[in-house]
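Colleague: Got a minute to walk me through this one? I'd like the overall picture, then some local detail.

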Amino acid sequence: MDNPQIELICKVYNINPGNNTEIMEKCPTLREYTYFVELVRKNFKENGYEDLGKAINQAIDQCIREDILKDFLIENRSEVTKVMQLDYTFERQLELEREAASSQAWQQGLEQGLTKGLERGLATGMERGRLHNAGGEEERGGRAEK
């Protein structure tokens, strides 16, 4: 779209545990959501990253027992499960893409570094060889002996 009708600037906050504690203290619902997400991550890791749906349902059950987002989770369990699976899958895909790009960039940097290092090493070696030969000729009367 060449002529946007609205421009929006958003400030994004990191709500992972230990970040932006002032916001978390002021917003219990956000704090509880963060707790829920951490439970999903923990459960998924503990089951060997095998069953995301199970990890989500375990987290929902635990939060309901602990009265965390209880009413919302009871009323919207299936929607929460679907959204969490989509969100987690999307985040994982982004993570994999970042890892692949990072690995590719590292490999390119290594190749460039090796090429530059080889070029510099050869140039330095050739220069030293010229200096060595030039010094030897002077010592032997200006000509190189074989």
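**Burial, core and loops**

Modeller: Of the chain's 146 residues, 18% are buried (under 20% relative accessible area with a 1.4 Å probe, protein chains only; exposed is over 50%, partly exposed in between). This is a predicted model: local features need pLDDT of at least 70, side-chain atom pairs count only at pLDDT 80 or more, and totals for chains, interfaces and linings use all residues. Residues are numbered from 1 along each chain as its sequence is written, and side-chain values use heavy atoms, with hydrogens and water left out.

Colleague: What secondary structure does the chain have?

Modeller: Five helices and zero strands. These are DSSP runs numbered from the N terminus (helices are H or I, at least four residues; strands are E, at least two).

Colleague: Which residues have the most contacts inside the largest nonpolar core?

Modeller: Phe36, Val40, Ile56, Ile60, Leu73 and Met84, in a core of 18 residues. Such a core is a set of buried Ala, Val, Leu, Ile, Met, Phe, Trp, Tyr and Cys residues joined through side-chain atoms within 4.5 Å.

Colleague: Which helix gives the largest share of this core?

Modeller: Helix 3, with seven residues. Helix 2, helix 3 and helix 5 (77-139) each supply at least two.

Colleague: What does Phe36 touch?

Modeller: Leaving out residues up to four places away in sequence, Phe36 touches Ile56, Ala59, Ile60, Cys63, Leu69, Val80 and Met84. Contact means heavy atoms within 4.5 Å.

Colleague: Where does Leu69 sit?

Modeller: In the loop between helix 3 and helix 4 (70-75). Leu69 is buried, at 15% relative accessible area. Its phi is positive, about 55°, although Leu69 is not a glycine.

Colleague: What sign does phi have in most residues other than glycine?

Modeller: Negative. Asn20 also has a positive phi, near 50°. Asn20 is in the segment before helix 1 and is partly exposed, with a relative accessible area of 32%.

Colleague: New topic. Where is Asn47, and what does its side chain reach?

Modeller: Asn47 is in the loop between helix 2 (28-46) and helix 3 (52-65). Its side chain reaches the backbone nitrogen of Glu50 at 3.1 Å. Beyond its neighbours within four places in sequence, Asn47 is in contact with Lys54 and Ala55.

Colleague: And Thr21, where is that?

Modeller: In helix 1 (residues 21-26). Thr21 is partly exposed, at 46% relative accessibility. C-alpha to C-alpha, Thr21 and Arg31 are 9.0 Å apart, and they are ten residues apart in sequence.

How values were computed:
Polar contact = N/O pair within 3.5 Å; in protein donor to acceptor, adjacent residues only side chain to side chain.
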